[in-house]
Amino acid sequence: MLAVNNLFKAFDGSLFSRCKITALDDVSFNLRRGETLGIVGESGSGKTTLASILLRATAPDSGQVMLSGNDIFGKRRMPEREFRKKVQMITQNFSDALHPDMSVMESMREVFRTLGKKTYQSVSETDIVRRLNDVGLGRELLHRRPAQLSGGQLQRILIARVISLRPQLIIADEPTSCLDTSVQARIIRLLMTLKQEYGFAMIFISHDLPLTAAIADRIAVMYQGRIVELGLPREILTNPQHAYTHRFVCSAVGKHFLSREPICLAV
Ligand SMILES: Nc1ncnc2c1ncn2[C@@H]1O[C@H](COP(=O)(O)OP(=O)(O)OP(=O)(O)O)[C@@H](O)[C@H]1O
């Protein structure tokens, strides 16, 4: 469904330096329909830059992103509205994502504009309540504004908005890092349930290796703009092949996870 081929992206350095900052260095991977790919790596490894390119918010310097056979930066790329229906994002910045003066009902209704004028005009309160029910919320929130909602409720409303568009792909960039652990677990469970119900593919970006390993079908480890390792969570946790992955696993889950077999380190 998604094919990412040889992405490169560099940014200009500071005013006083001519050096470019390489954010992505030859990044390639594929994603199947309905698959969850976890992307982990330390701060500055290029995860957000990759997410921004997949959302078509940043253009790569070179390389290609094919979504269901369509080059998303190509001359015949799909129109923005069609693209937005197919690819959606859930971020950690949920507190800024809703208009502060809009009620939950208005914010929910607004998202249906993407689906066209007819759909937007025909959306009823019952449709909106149904979407809220999908994410475990009730009609009592309909007339509240963002300031009157908890972090977990805000994140659920954003998920409800995203799900309403029936996207093929959701990019979840640290979606729960601003929530406390118990709310985090509930939001992750909700995402997994919705994924089964709606069948979307997901790219789950995180610093948290154990969490990512628990929900992803495969994990890509990023280091200095490159994917240094891509495999099944179990393989990554128990038998990392790259020196950086080895260090990352040790710091995230401790040495006891690693297999007792000799580990081949590609330094
Ligand atoms: N707009 C920009 N201008 C200059 N440099 C940038 C820009 N955006 C990102 N970078 C640099 O590109 C590299 C990759 O950044 P990116 O934000 O993609 O990493 P990340 O893995 O998402 O980090 P974090 O986990 O902290 O969000 C970093 O060195 C960063 O400083």
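Gln184 is found in helix α8 of this predicted model. Is Gln184 buried or partly exposed? It has 19 C-beta neighbours inside 10 Å, and so it counts as partly exposed; a buried residue would need 20 or more. Setting aside the neighbours within four places in sequence, Gln184 is in contact with Thr176 and Leu179. If you look for Ser251, you will find that Gln184 and Ser251 are 67 residues apart in sequence and 21 Å apart in space, C-alpha to C-alpha.

Let us stay with α8 and meet its partner. Helix α8 covers residues 181-198, and it packs with helix α7, residues 151-164, at an angle of about 15°, the two axes lying 10 Å apart. The two helices are therefore roughly parallel to each other, and α7 passes α8 in a right-handed crossing. Which residues make the contact? From α7 come Gly151, Gly152, Gln155, Arg156, Ile159 and Ile163, while α8 offers Val183, Arg186, Ile187, Leu190, Leu191, Leu194 and Tyr198. By class, this contact of α7 with α8 holds 8 nonpolar, 3 polar and 2 charged residues. As you trace such residues along a helix, it helps to know that an α-helix has 3.6 residues a turn, so residues three or four places apart point the same way.

Helix α7 also meets α4, which spans residues 104-111; their axes come within 9 Å and cross at roughly 25°. This means that α4 and α7 are, therefore, roughly parallel to each other, and their crossing is right-handed. Here the contact is made by Val104, Ser107, Met108 and Val111 of α4, together with Ile157, Ala160, Arg161 and Ser164 of α7. The residues of the contact between α4 and α7 comprise 5 nonpolar, 2 polar and 1 charged.

Now for the ligand. What surrounds the ligand? The residues around it are Phe11, Ile21, Ala23, Gly41, Ser43, Gly44, Ser45, Gly46, Lys47, Thr48 and Thr49. Two elements, β2 (20-31) and α1 (47-54), give two or more residues each to this shell. The largest share, 3 residues, comes from α1. Sorted by class, the shell has 3 nonpolar, 7 polar and 1 charged residues.

Helix α1 deserves another look. Its buried residues are Lys47, Thr49, Leu50, Ala51, Ile53 and Leu54. With 6 of its 8 residues buried, α1 is therefore largely enclosed by the rest of the structure.

After α1 comes Arg56, placed in the loop between α1 and β4 (62-67). Most residues other than glycine have a negative phi. Arg56, however, has a positive phi, near 65°. It is partly exposed, with 17 other C-beta atoms within 10 Å. Another residue with a positive phi is Asn6, whose value is near 50°. Asn6 lies in strand β1, residues 2-12, and is partly exposed with 13 other C-beta atoms within 10 Å.

Our last stop is helix α11, residues 243-253, where Tyr244, Thr245, His246, Phe248 and Val249 are buried. What do these buried residues of α11 pack against? Their partners are α9 (209-215), β9 (218-223), β10 (226-231) and α10 (233-238).

Key: Residues are numbered from 1 along each chain as its sequence is written. This is a predicted model: local features need pLDDT of at least 70, side-chain atom pairs count only at pLDDT 80 or more; totals for chains, interfaces and linings use all residues. A residue is near a molecule or strand if its C-beta atom, placed from the backbone, lies within 6 Å of it. Helices (H or I, at least four residues) and strands (E, at least two) are DSSP runs, numbered from the N terminus. Ala, Val, Leu, Ile, Met, Phe, Trp, Tyr, Cys and Pro count as nonpolar, Asp, Glu, Lys and Arg as charged, and the others, Gly among them, as polar. A residue is buried if 20 or more other C-beta atoms lie within 10 Å of its own, exposed if 12 or fewer, and partly exposed in between; C-beta atoms are placed from the backbone. Two residues are in contact if their C-beta atoms, placed from the backbone, lie within 7 Å. Axes are lines fitted to C-alpha atoms, for helices over the stretch in contact, and angles run from 0 to 180 degrees between N-to-C directions. Angles under 35 degrees count as roughly parallel, over 145 as roughly antiparallel, 65 to 115 as roughly perpendicular and the rest as oblique. A crossing is left-handed if the near helix is turned anticlockwise from the far one by less than a right angle, and right-handed if clockwise.
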